[in-house]
Amino acid sequence: MRKIREIMTSDVETCTLLDNVFEVAVKMKEWNVGAIPIVDEDKLVGMITDRDIVIRGIAEKHPPSSKVESVMSDHLVTATPDMTTKEATKLMAEHQIRRLPVVEGDKLVGIVALGDFAVDEMTDEQAQHALTEISEPGNHMQ
């Protein structure tokens, strides 16, 4: 069974608590990503997705200069580098998430996205299962 460290992206673009929502959005555009981890020093403190910016930012009429804390998720589901790919896809399916920050203690060391599993032929079935679970509307999407 493969480990997360074998498929995770370790060069992760991040923002800090000093950045505002506009700066996060610009970084998402520059790096063509849909999520940016928020760190304080190297410690993972939150995550902002493009959806967070729309739902918690724009739809709630927060200006682009708002602090990242106003839109970021701070109750995060994380993986460890030694977690198996099967454990990670199960976590993603259970929590209906497409990206998992990878931490050692509180320190961000990488990120793994659902697409990372799809390119690993040993875990195609796991990725398909996770995608099916994540894509199904949950009770929170009414």
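1. Isoleucine 55 is partly exposed in this predicted model. Its relative accessible area is 39%. That value lies between the 20% cut-off for buried and the 50% cut-off for exposed, so the label is the intermediate one. The residue sits in helix α3, which spans residues 50–58.

2. Isoleucine 55 also belongs to a surface patch. Val54, Ile55 and Ile58 make up this nonpolar patch. Together the three residues offer about 270 Å² of accessible area.

3. Next, helix α2, residues 21–31. Which residues of α2 are buried? They are Val21, Val24, Lys27 and Met28. Viewed down the axis of α2, these buried residues fall within an arc of 120°, so they line one face of the helix. Note that a lysine, Lys27, is on the buried list.

4. What do the buried residues of α2 pack against? Three strands and a helix: β1 (15–16), β2 (35–40), β3 (43–49) and α3. Helix α3 is also where isoleucine 55 is placed.

5. The face of α2 turned away from the buried side has another character. It carries Lys29 and Glu30, which are exposed. Lys27, by contrast, is buried.

6. Both ends of α2 deserve a look. At the N-terminal end, asparagine 20 acts as the cap. One of its side-chain oxygens lies 3.1 Å from the backbone nitrogen of phenylalanine 22. Just after α2, asparagine 32 adopts a positive phi of about 55°.

7. Asparagine 20 has further partners. The residue is located in the loop between β1 and α2. Leaving out residues up to four places away in sequence, asparagine 20 touches Pro64, Ser65, Ser66 and Val68. The cap residue of α2 is therefore in contact with residues beyond its sequence neighbours, given the heavy-atom cut-off of 4.5 Å.

8. Leucine 17 is found in the loop between β1 and α2 as well. Is leucine 17 buried, partly exposed or exposed? At 27% relative accessibility, it counts as partly exposed.

9. Leucine 17 has contacts from distant parts of the sequence. Not counting neighbours within four places, the list is Ile38, Val39, Asp40, Val45, Val68, Glu69 and Met72. Leucine 17 and valine 39 are 22 residues apart in sequence, yet their C-alpha atoms are 6.9 Å apart in space. Val68 is on the contact list of leucine 17, and asparagine 20 touches Val68 too.

Methods:
Residues numbered from 1 in each chain as written. Predicted model: local features only at pLDDT ≥ 70, side-chain atom pairs only at ≥ 80, totals over all residues. Heavy atoms only, no water. Patch = residues over 30% accessible without salt bridge, like charges linked within 9 Å, V, L, I, M, F, W, Y side chains within 5 Å. Areas by Shrake-Rupley, 256 points an atom, 1.4 Å probe, with all protein chains shown as cover. Salt bridge = Lys/Arg side-chain N within 4 Å of Asp/Glu carboxyl O. Helix = DSSP H or I, 4+ residues; strand = E, 2+ residues; numbered from the N terminus. Buried < 20%, exposed > 50% of the residue type's maximum accessible area, 1.4 Å probe, protein only. Arc of directions from axis to C-beta. Polar contact = N/O pair within 3.5 Å; in protein donor to acceptor, adjacent residues only side chain to side chain.
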